[in-house]
Amino acid sequence: MEKRELTCIGCPMGCTLEVRIEEDGGIEVAGNTCGRGDSYARKEILSPARIVTTTVRIDGAAEKVLSVKTQKEIPKDKIFACSAALKKVQVKAPVYAGDVLVENIADTGVDIIATKTVLE
Amino acid sequence: MRACDIVIIGGGPAGLAAAVSARKQGIEDILILERDRELGGILNQCIHNGFGLHTFQEELTGPEYAARFIRQVDELHIEYKLNTMVMDISPEREVTAMNREDGIFTVKANSVVLAMGCRERPRGALNIPGYRPAGIYSAGTAQRLVNIEGCLPGREVVILGSGDIGLIMARRMTLEGAKVKVVSELMPYSGGLKRNIVQCLQDYDIPLKLSCTVVDIRGKERVEGVVLAQVDEKGKPVPGTEKEYRCDTLLLSVGLIPENELSREMGAAIHEVTCGPKVDESLETSVEGVFACGNVLHVHDLVDFVSEEAAAAGRHAAEYIHRLKRTKERPARGKTVPIEAGSGVRYTVPCSVCPARVEDKLIIRFRVDQVYTDCYVSVYFDDERILQKRRLAAAPGEMEEVRLTRKQLREAPGLGRITIKIEER
Amino acid sequence: MYDVAIIGGGVTGAATARELSRYQLKVCVLEKEEDVCCGTSKANSGIIHAGYDARPGTLMARLNVRGNEMMEKLAEELDVPWKKNGSLVLCLSEEGFSKLQELYDQGAANGVRGLKILDRDEVLRMEPNASDRVYAALYAPSAGIVCPFQLNIALAENAYVNGVEFRFCTEVFTVKKDSEGFLLKTSKGDVRTRCVVNAAGVYADRFHNMVSEDKIHITARRGEYFLLDKSAGQHVERTIFTLPGAYGKGVLVAPTIHGNLLIGPNAEDIGDKEGTCTTGEGLSEVLTKAGRSVKNLPVRQVITSFAGLRPHEDGHEFIIGEVRDAEGFIDCAGIESPGLASCPAVGEMAAGILREKLKPEEKKQFTAKRRGILNPSMLSMDERNQLIRKQPAYGNIVCRCEMVTEGEVLDAIRRPLGARSLDGVKRRTRAGMGRCQSGFCSPKVMEILSRELKIPAAMVTKAGKGSELIVGINKDML
């Protein structure tokens with residue numbers, strides 16, 4: 001059995017959640033005030049995932065970088081792989097918000113999209 | 001001199017929402033004056049997500065959120081001028097501004113909406129001792145450098161202040177390849193959202209030191225290190241607790257100040273606590289026909305609330321114009337009732353209300369003075385409690401609100417004052 | 001081979017250089033930093049003292065009064081803003097009154113004009129925010145305030161235009177006397193010169209002692225300051241002192257020429273000649289002491305704090321003159337307060353000594369006038385619009401706190417001895433000196449510097465090599 005401590009992000013209370021993970025994969029959550037805490041903890045333990053927002057270089061525009069994000073959440077442990085993979089990416093203006101710039105970033109199955117329109 | 005129904009000072013989230021809302025109320029003649037090279041204000045450099053959950057029921061990045069409003073401004077053909085700095089607003093609402101193309105020009109406005117936003121408190125406001133080398137940035141300046149200019153202000157970073165900008169920048173610097181060594185917070189609690197503490201610090205194993213501040217900055221040319229120390233209940237550093245962190249950069253996220261130099265010079269009464277103009281239920285300042293919204297009025301936690309408030313300001317400015325055109329004279333204010341910040345409440349916006357002018361509801365926004373767990377937010381009409389709302393948690397970092405209905409206000413004819421209080425359970 | 005090499009581009013070195021530029025001499029200024037006005041001259045009270053503080057008969061007394069008298073014409077020639085705002089020395093008790101009287105007599109003996117002793121009511125009428133404890137005060141209408149940066153920079157620019165060479169990032173390591181004059185070993189190679197002016201501030205003892213057996217000793221005496229927002233600039237109109245103590249004139253409260261409020265300095269002797277850091281103790285000492293002379297100090301309006309080092313010579317006197325055992329080596333040492341007020345007279349005196357010695361001819365084409373950076377806010381609306389039409393950069397505000405335009409920043413960079421760094425731009429234009437302390441304008445000024453100096457952004461500095469502002473580009477180390 002493994003014990004983990006998490007902070008619930010559901011509301012300003014920020015309940016400290018004590019999570020027990022049983023050998024058989026069962027999960028028990030304590031310390032939460034409401035149901036949001038329980039579901040948050042389960043998700044954080046089983047498949048923590050985040051949207052990553054960052055920048056890539058852009059050519060042919062007044063701006064030097066373009067803001068981008070992962071279209072969906074990616075596994076938390078892939079965040080740095082995602083950021084590193086974007087190091088080599090350089091796009092050319094014009095780019096429109098929502099344009100897919102990189103497909104399947106760092107083998108997550110998730111695309112990188114522009115979050116801003118940048119014209120030439 | 002050019003005349004205009006509504007001049008909006010600032011094309012950030014507040015100015016954009018005010019403009020859109022005023023146009024939707026039928027005001028044709030609107031001009032937005034924006035000092036930056038594009039509309040959107042500070043949202044352009046807030047490339048992280050988390051915006052728009054209230055307004056659009058989806059999670060957007062700053063530029064995406066701004067784009068939704070910019071699109072409306074374009075579709076509604078609202079005129080704006082970029083790279084334009086407003087130099088002065090007279091009490092008669094003559095707005096003097098300047099840019100490269102037009103030079104200095106003056107617009108005579110029937111109504112003005114102040115939406116200039118806020119600025120960051122600098123190091124000097126904290127009296128942090130030490131040298132003054134390169135490598136000390138306010139978090140927002142660093143955010144601009146990284147997210148707009150694409151350059152890194154440092155590789156090894158200490159952050160003072162755990163407000164949301166500080167937390168967000170801890171993650172941004174980390175993702176761009178810098179090492180954030182610690183975030184230090186003077187207060188015994190963080191001023192930031194829980195979600196940001198988890199996703200910006202804990203996700204990257206960045207320690208958060210509470211009740212801790214910078215007591216020395218080392219390095220004459222470039223920052224070489226900062227010394228942190230624990231503070232006592234009064235915020236004074238405790239000798240013997242100093243610890244040096246080697247770093248080349250110190251980011252400061254130590255508070256925001258509404259930018260009200262124009263408002264002040266115009267003669268608008270400024271609230272001592274918010275540092276924003278004093279406004280009534282219509283978000284009208286003490287200068288007639290001049291409205292305020294967004295971070296110039298009081299510092300908000302979420303942009304969604306800025307948009308909501310600014311839409312109200314735009315609406316009220318539009319009403320003002322309609323009334324002015326109908327009656328050909330400036331409307332007199334009715335009887336107003338002060339709204340007071342009682343125990344546990346730092347301030348309220350608005351700070352007065354004219355019950356006769358309230359639309360269907362009155363939103364009173366405020367901040368609490370410390371962290372509360374399980375308390376009541378109470379509203380008193382004079383000495384009578386008319387509303388009590390239980391809150392499981394309240395913190396100074398998060399804006400609170402209560403809503404009063406027009407009915408409640410109309411049914412209290414002899415009302416002398418409204419007080420908002422925090423009451424322990 | 002130079003006729004004169006001046007060590008130090010502070011206000012003393014620059015004033016001397018400008019005086020020397022009236023003559024047909026080959027003169028250079030050797031400055032270890034990348035700009036003038038980087039040591040004592042950049043961190044002081046900006047006060048043109050009246051001249052009642054120094055003992056009668058001293059150089060300090062004479063040059064202060066003379067410098068004060070010269071300021072009017074100098075400021076006009078060099079287009080430097082200054083103002084005779086007057087000063088008050090407050091005496092907070094009846095017991096102190098005799099000391100106030102002494103100060104009055106001393107001032108009269110030094111030739112200070114217009115001195116007057118005011119009673120409590122007169123003081124409070126003049127300065128309603130003066131301490132309620134005030135008993136009497138010495139009023140000196142001839143005291144003034146000046147922008148210390150602009151004065152220093154203007155003197156240097158004018159000297160440069162008149163032929164003085166400025167060698168920056170040139171640190172002098174050793175000075176050696178030989179038969180032809182002096183050999184200076186510097187970080188940028190050897191410099192040969194017939195004469196040396198030692199205007200090295202806190203380091204003046206080091207150079208003096210390299211050539212003379214009569215040793216002098218200079219202590220870095222640190223003073224810490226607070227600068228308050230312009231919204232607090234009206235708190236006092238005159239410069240408010242309290243009766244002086246052992247360590248100098250004490251903590252003052254004064255408006256600055258640009259409308260801010262300045263509080264400071266304390267005085268602490270330190271071993272480190274580079275110790276320009278502020279300290280927690282020092283800053284609180286300043287506030288405590290300032291609170292004794294002025295009430296209701298709006299301390300919430302503080303926008304920055306800083307520290308400067310005064311070069312305090314053991315005898316507390318200016319040492320100006322040719323060194324007895326090193327002919328051609330002219331000291332300008334121990335120039336602590338009232339050094340700024342005295343600088344025109346110090347320059348005049350040092351140059352006078354060299355004139356006697358070298359007997360140079362006057363330069364016919366000497367230009368005494370210098371045009372400062374154009375301040376568009378001084379123009380009428382029409383003039384300003386004409387300017388913007390011709391040069392649109394004047395329509396673009398870079399620093400919104402101080403309302404500095406791109407035109408002014410460009411002027412600061414392009415003019416003689418132009419700015420090379422963020423601080424250089426700041427001292428010349430005030431961009432970054434306002435309430436947000438460069439939060440908004442620093443990325444813009446960095447971009448302009450990079451463009452104008454044709455250097456990559458990563459080479460733009462705050463104040464010269466080693467103070468680079470950015471360290472790389474996004475993800476470069478990933």
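## Strand E12 of chain C and its partners

In this predicted model, Asn198(C) has Asp331(C) as its bridge partner in E20(C). The two strands involved, E12(C) and strand E20 (residues 329-333) of chain C, pair in the parallel sense over 3 bridges. A further parallel pairing brings strand E1 (residues 2-7) of chain C against strand E12 (residues 189-198) of chain C, with 5 bridges joining them, and here Tyr2(C) stands opposite Thr193(C) in E12(C).

E12(C) also takes part in an antiparallel pairing, for 5 bridges connect it to strand E11 (residues 181-186) of chain C. Leu184(C) has Val191(C) as its bridge partner in E12(C), and the pair E11(C) and E12(C) forms a hairpin, with 2 residues lying between the strands. Pairing of this kind, whether parallel or antiparallel, is made through backbone hydrogen bonds between the strands of a sheet.

## The contact between chains B and C

Chain B and chain C meet through 42 residues of chain B, which are in contact with 45 residues of chain C. On the side of chain B that touches chain C, at least two residues each come from strand E6 (85-89), strand E7 (94-99), strand E8 (103-114), strand E9 (118-120), helix H3 (139-149) and strand E11 (151-152) of chain B. Of the contributors, H3(B) gives the most, with 6 residues. By residue class, this side of chain B divides into 16 nonpolar, 12 polar and 14 charged residues.

Strand pairing also crosses from one chain to the other, since E11(B) and strand E23 (residues 472-473) of chain C run antiparallel and are joined by 2 bridges. Within this pairing, the bridge partner of Cys151(B) in E23(C) is Ile473(C).

## Overall form and domains of chain B

The secondary structure of chain B amounts to 8 helices and 28 strands. For its 425 residues, a compact globule would be expected to have a radius of gyration near 22 Å, and the value for chain B, 22 Å, agrees with this. Along the principal axes, the C-alpha atoms of chain B fill a box of roughly 70 × 60 × 40 Å. Of the 425 residues, 57% count as buried, and among the contacts in chain B with a separation of 6 or more, 64% are made by residues 24 or more positions apart.

Chain B is divided into domain 1 (1-120 + 256-331), domain 2 (122-254) and domain 3 (334-425), so that domain 1, as assigned, is given in two segments. The centres of domain 2 of chain B and domain 3 of chain B, taken over C-alpha atoms, are separated by 35 Å. Their contact takes 5 residues from domain 2 of chain B and 4 residues from domain 3 of chain B, and on the side of domain 2 the residues involved divide into 2 nonpolar, 3 polar and no charged.

## Overall form of chain A

In chain A, the secondary structure comes to 2 helices and 10 strands, and from the N terminus on these elements run β-β-β-α-β-β-β-β-α-β-β-β. The radius of gyration of chain A is 19 Å, well over the 14 Å that the globule rule gives for 120 residues, and chain A is therefore more spread out than a compact globule.

The C-alpha atoms of chain A fill a box of roughly 55 × 30 × 15 Å along the principal axes. Of its 120 residues, 37% count as buried, while residues 24 or more positions apart account for 47% of the contacts in chain A with a separation of 6 or more.

## The three-stranded sheet of chain A and helix H1

An open sheet of 3 strands is found in chain A, where the order is E1-E2-E3 and the pairing is antiparallel. Its edge strands are strand E1 (2-7) and strand E3 (27-30) of chain A, each of which pairs on one side only. On average, and with direction ignored, neighbouring strands of this sheet are turned by 25° against each other.

Between strand E2 (residues 16-21) of chain A and E3(A), which run antiparallel, there are 4 bridges, and Ile21(A) stands opposite Ile27(A) in E3(A). Helix H1 (residues 35-46) of chain A lies across E1, E2 and E3 of chain A and runs at about 135° to E3(A).

Note on methods:
Residues numbered from 1 in each chain as written. Chains lettered and ligands numbered in written order. Predicted model: local features only at pLDDT ≥ 70, side-chain atom pairs only at ≥ 80, totals over all residues. Rg over C-alpha atoms; globule rule 2.2 N^0.38 Å. Buried ≥ 20, exposed ≤ 12 C-beta atoms within 10 Å, placed from the backbone. Contact = placed C-beta atoms within 7 Å. Pairing = 2+ DSSP bridges. Axes fitted to C-alpha atoms, helices over the stretch in contact; angles between N-to-C directions. Nonpolar A, V, L, I, M, F, W, Y, C, P; charged D, E, K, R; others polar.
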